[in-house]
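Morning, everyone. I'll take one chain today, overall form to begin with, then a helix, then a single residue.

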Amino acid sequence: MDVIAPVAGRPYVMVQATGEASPLTVAPELLLALYKQHGALLLRGFGTTVATLHAFTAQFCSGSVFNESPDRLQLDPEHNIQSVNGGTLSFPLHPELSREPWKPDVCFFACIVPPRALGQTTICDGVELARQLPPALHAEFARRRLRYIQGTTPEHLLFWLGTSTPTDAQLAAPPPQCPYSFARIAGRLVRMFTRPALHRPMFTDAPAWGNFLLFSYFFNRVRGFPSFDDGRYVPDDWLETVRAVGETLTVPIAWQAGDLLMLDNSRFLHGRTAVVENDNRLIASYFGYLKDAPLNPEEPADPLWRRTDFRPPQPRRAG
């Protein structure tokens with residue numbers, strides 16, 4: 001195989017097979033060292049399948065998280081291997097599951113069926129995005145935290161608090177494993193957590209942009225999720241500037257069958273271009289937690305999602 005270092009305009013390491021091979025033939029120690037240094041690797045020519053994806057991820061991860069987005073195909077439900085989101089719309093840059101306190105460490109994407117056209121996954125180095133923000137805006141984000149507020153359900157309460165009808169005292173003092181605080185806002189019971197607006201990735205001390213703001217604002221058309229932790233909305237012009245800077249740094253992955261992309265989800269963001277209608281594009285995904293991951297001071301001690309494959313609580317559907 002050939003290992004080709006990142007260059008300007010291509011922020012990922014290219015690991016190119018020189019003959020027919022499985023991704024399992026590549027030394028995991030080499031890949032992990034490249035991953036820690038660069039944060040993004042594309043393995044090309046290795047003929048990745050759903051089965052080899054599971055074996056490949058097991059070399060690096062202690063467990064994974066299930067993404068509850070409703071339009072994902074379950075390719076290997078036992079091991080939390082799903083398709084990426086369906087539909088045809090383009091997606092803004094985001095780290096996977098940054099809307100929740102269990103944001104995974106690493107994203108794996110495997111091209112099972114390449115798109116006929118378009119349908120490219122896009123990536124952007126969040127460290128470089130933060131570095132290229134205007135200095136005054138960088139300073140504003142560097143001193144702030146973001147607050148994520150979502151509604152809660154009996155299922156959420158039972159999972160995290162042990163009861164679907166908690167008292168005010170139980171809401172005020174959740175158990176140590178619970179990643180949320182709770183409050184009643186305008187008569188509605190909500191769950192909340194906060195994160196830095198600019199954070200430190202796992203394997204570099206440089207600050208990075210890595211939150212849900214761009215996806216929430218430019219795709220979901222929702223303001224205030226997240227907000228600043230004082231409740232104020234992030235100004236529209238600040239988000240427009242972040243998006244503009246990100247667009248100059250965004251690089252597409254033109255998928256080929258068998259490609260395998262490994263992304264540091266604490267450092268890199270990803271999105272996608274529009275997908276052609278009725279395309280058979282099939283990209284498998286796995287969102288994992290690294291073995292021996294550095295301690296994250298934002299997480300509870302020994303969090304549930306780092307123990308084994310994790311399925312967040314889901315509201316019970318009617319019918």
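Radius of gyration: the chain has 20 Å, and a compact globule of 319 residues would have a value near 20 Å, so the two agree. Keep in mind that this is a predicted model. Along its principal axes, the C-alpha trace spans about 65 × 45 × 40 Å.

Next, the make-up. The chain holds eight helices and 19 strands. Of its 319 residues, 51% count as buried. Take contacts between residues at least 6 apart in sequence: 79% of them join residues at least 24 apart.

Now the surface. About 14200 Å² is exposed, with carbon and sulfur atoms supplying 54% of that. On charges, there are 30 positive and 31 negative ones, and their mean positions lie 5 Å apart.

On to helix α2, residues 50-58. Which of its residues are buried? Thr52, Leu53, Phe56 and Thr57. Looking down the axis of α2, these buried residues fall within an arc of 130 degrees, so they line one face of the helix. The general background: an α-helix has 3.6 residues a turn, so residues three or four places apart point the same way.

Last stop, Leu261. This residue sits in strand β17, residues 260-264. Leu261 is buried, at 0% relative accessible area. What does Leu261 touch, leaving out residues up to four places away in sequence? Leu41, Leu42, Cys107, Phe108, Phe109, Thr121, Ile123, Ile253 and Trp255. And back to the helix: Leu53 and Leu261 are 208 residues apart in sequence, yet 11 Å apart in space, C-alpha to C-alpha.

Conventions: Residues numbered from 1 in each chain as written. Predicted model: local features only at pLDDT ≥ 70, side-chain atom pairs only at ≥ 80, totals over all residues. Heavy atoms only, no water. Buried < 20%, exposed > 50% of the residue type's maximum accessible area, 1.4 Å probe, protein only. Helix = DSSP H or I, 4+ residues; strand = E, 2+ residues; numbered from the N terminus. Arc of directions from axis to C-beta. Rg over C-alpha atoms; globule rule 2.2 N^0.38 Å. Contact = heavy atoms within 4.5 Å. Areas by Shrake-Rupley, 256 points an atom, 1.4 Å probe, with all protein chains shown as cover. Lys, Arg positive; Asp, Glu negative; His and termini not counted. Charge placed at Lys NZ, Arg CZ, Asp CG, Glu CD.
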